[in-house]
Amino acid sequence: MSYTRKTVESIYFPKFKEGLPSMKGKTVVITGTTSGTGFVAADTVAGLGAKLLLLNRASERAIKANKILKDSYPNAEIHSVDCDLQSFASVRNAIKEVIRICPEGVNILCNNAGVMALKDEATIDGYDVQMQTNHLSHFLLTMELMPLLEKTAEISGESRVVNHSSVARMNPSKELKKEYLEKNGGKLGGDGDSFIFGEARWKRYNQTKLANAAFTAALHDKLQKKGSKVKALVAHPGLANTELQVTSVKDGGMGSFFTGILMSMGQSMEDGAMGILSCMCLENAKSGEFYGPGSSVMALKGKAEPFFLESFYNNEATRELIWKKSCEAIGRELAL
Ligand SMILES: NC(=O)c1ccc[n+]([C@@H]2O[C@H](COP(=O)([O-])OP(=O)(O)OC[C@H]3O[C@@H](n4cnc5c(N)ncnc54)[C@H](OP(=O)(O)O)[C@@H]3O)[C@@H](O)[C@H]2O)c1
């Protein structure tokens, strides 16, 4: 089955972009920039003068997107770093590259990349393909790049980790469950694809997006307790017309007819990128804030506004669970 992304006019993005501050002198690391919100965010911060590291798995799509960015901003410092989030070994290699390229430190790590409603399959490391791509590999990146983030925060007063969640953090479940964070890839409910009935593919996606928000809550809590100047923020794009739905339809996660109807309610990928861009660029964005077009399950489009982390994942038990299980997965001690 196939589905072609709808082109939708941006309503808020042009004005929003005009109001963004200069990013000159800032080093930005971002995952998943071959399309969608990651491409828009990379394009925007490159235009604002940032030094940019694009972390993508090797593909024709990555080569093409990187070339567009490099051609658009010939004077910008833009590095392409191979990073397949389905493999911890690949992520560890990417980390070495980032450390080599950024001796000055890192101002912003944007954990943007994601996949949705894929088959019940294990990665090479044994984890659910969605959980490792969307959360566990980003946890690894964040932990290993923390010394560079701390270095920048000490020198310039702050640095930021920005995670990308979804309205799917609430549906079908508001409870993060440990089995999705363990080595159970391929054994997490099968390939039921009904979005409306919250079948297995969507349960796994829900858990990954809940994990993105819970990770932000746990990181914010730990950074605050140790008096760090590194900020932890999270965004969601509402419903944005990107390649996410195209990839899901191709994998059997959504029917093309249903996707067409659903996405007619969505916004442009540029409007969808305002959440992560707010977290990355706005001078007054605070640690522990969530940016998106509202906090309800129906917040599908609109301006990105800040709201508080929500109690269904911002509670002691869930913060402890996400930290413990994520540390176990990447083979690291619990300390930050
Ligand atoms: N679009 C929406 O309505 C929506 C709603 C809620 C949340 N989100 C979140 O927004 C984020 C961005 O998604 P998008 O909507 O912009 O979709 P997209 O256009 O499909 O972009 C996803 C990006 O993630 C990358 N990626 C996927 N698997 C990867 C892997 N194993 N290693 C490295 N990169 C990988 C893709 O690269 P490849 O070219 O290699 O596949 C692509 O660059 C995701 O976290 C998603 O969950 C989107």
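Is Leu277 buried or exposed, judged by the other C-beta atoms within 10 Å? In this predicted model, Leu277 is buried, since 25 other C-beta atoms lie within 10 Å, and the threshold for that class is 20 or more. The residue has its place in helix H10, which comprises residues 274-281. When residues up to four places away in sequence are not counted, Leu277 touches Leu20, Ala41 and Thr44. Of these contacts, Ala41 falls in the residue range of helix H2 (36-47), as does Thr44. Between Leu277 and Leu140, which are 137 residues apart along the chain, the C-alpha atoms are separated by 22 Å.

The strands form an open sheet of eight members with mixed pairing, in the order E3-E2-E1-E4-E5-E6-E7-E8. Strand E3 (78-82) and strand E8 (305-308) are the edge strands, each pairing on one side only, and the twist from one strand to the next averages 20 degrees. Within this arrangement, E5 and strand E6 (residues 230-235) pair in the parallel sense over six bridges, with His164 standing opposite Ala235 in E6. Two helices may be described by their relation to the sheet. Helix H4 (residues 88-101) packs on the sheet and touches strand E1 (27-31), strand E2 (51-56) and E3, its direction making about 155 degrees with that of E3. Helix H5, in turn, lies across E1, E4, E5 and E6, and runs at about 165 degrees to E4.

H5 also takes part in a helix-helix contact. The axes of helix H5 (residues 129-156) and helix H11 (residues 316-330) come within 10 Å and cross at roughly 85 degrees; H5 and H11 are therefore roughly perpendicular to each other, given that angles of 65 to 115 degrees are assigned to that class. On the side of H5 the contact is made by Leu136, Phe139, Leu140 and Met143, and on the side of H11 by Ser326, Ala329 and Ile330. By residue class, this contact of H5 with H11 divides into six nonpolar residues, one polar and no charged. Leu140, named above in the separation from Leu277, is thus one of the residues that H5 gives to the contact with H11.

The surroundings of the ligand comprise 34 residues, of which Gly32, Gly36, Gly114, Ser166 and Thr242 come nearest. The elements that give two or more residues to this shell are helix H2 (36-47), H5 and helix H7 (244-251), and H2 gives the most, with three residues. In composition, the shell around the ligand divides into nine nonpolar, 21 polar and four charged residues.

Two features of the backbone were found in loops. The peptide bond from Asn171 to Pro172 is cis, with omega near 10 degrees, and Pro172 is found in the loop between strand E5 (159-164) and helix H6 (200-225). Ala117, although not a glycine, has a positive phi of about 55 degrees. This residue is found in the loop between strand E4 (108-111) and H5, and Ala117 counts as buried because there are 26 C-beta neighbours inside 10 Å.

Technical notes
Residues are numbered from 1 along each chain as its sequence is written. This is a predicted model: local features need pLDDT of at least 70, side-chain atom pairs count only at pLDDT 80 or more; totals for chains, interfaces and linings use all residues. Axes are lines fitted to C-alpha atoms, for helices over the stretch in contact, and angles run from 0 to 180 degrees between N-to-C directions. Helices (H or I, at least four residues) and strands (E, at least two) are DSSP runs, numbered from the N terminus. Angles under 35 degrees count as roughly parallel, over 145 as roughly antiparallel, 65 to 115 as roughly perpendicular and the rest as oblique. Two residues are in contact if their C-beta atoms, placed from the backbone, lie within 7 Å. Ala, Val, Leu, Ile, Met, Phe, Trp, Tyr, Cys and Pro count as nonpolar, Asp, Glu, Lys and Arg as charged, and the others, Gly among them, as polar. A residue is near a molecule or strand if its C-beta atom, placed from the backbone, lies within 6 Å of it. A residue is buried if 20 or more other C-beta atoms lie within 10 Å of its own, exposed if 12 or fewer, and partly exposed in between; C-beta atoms are placed from the backbone. Two strands pair if DSSP finds at least two bridges between them.
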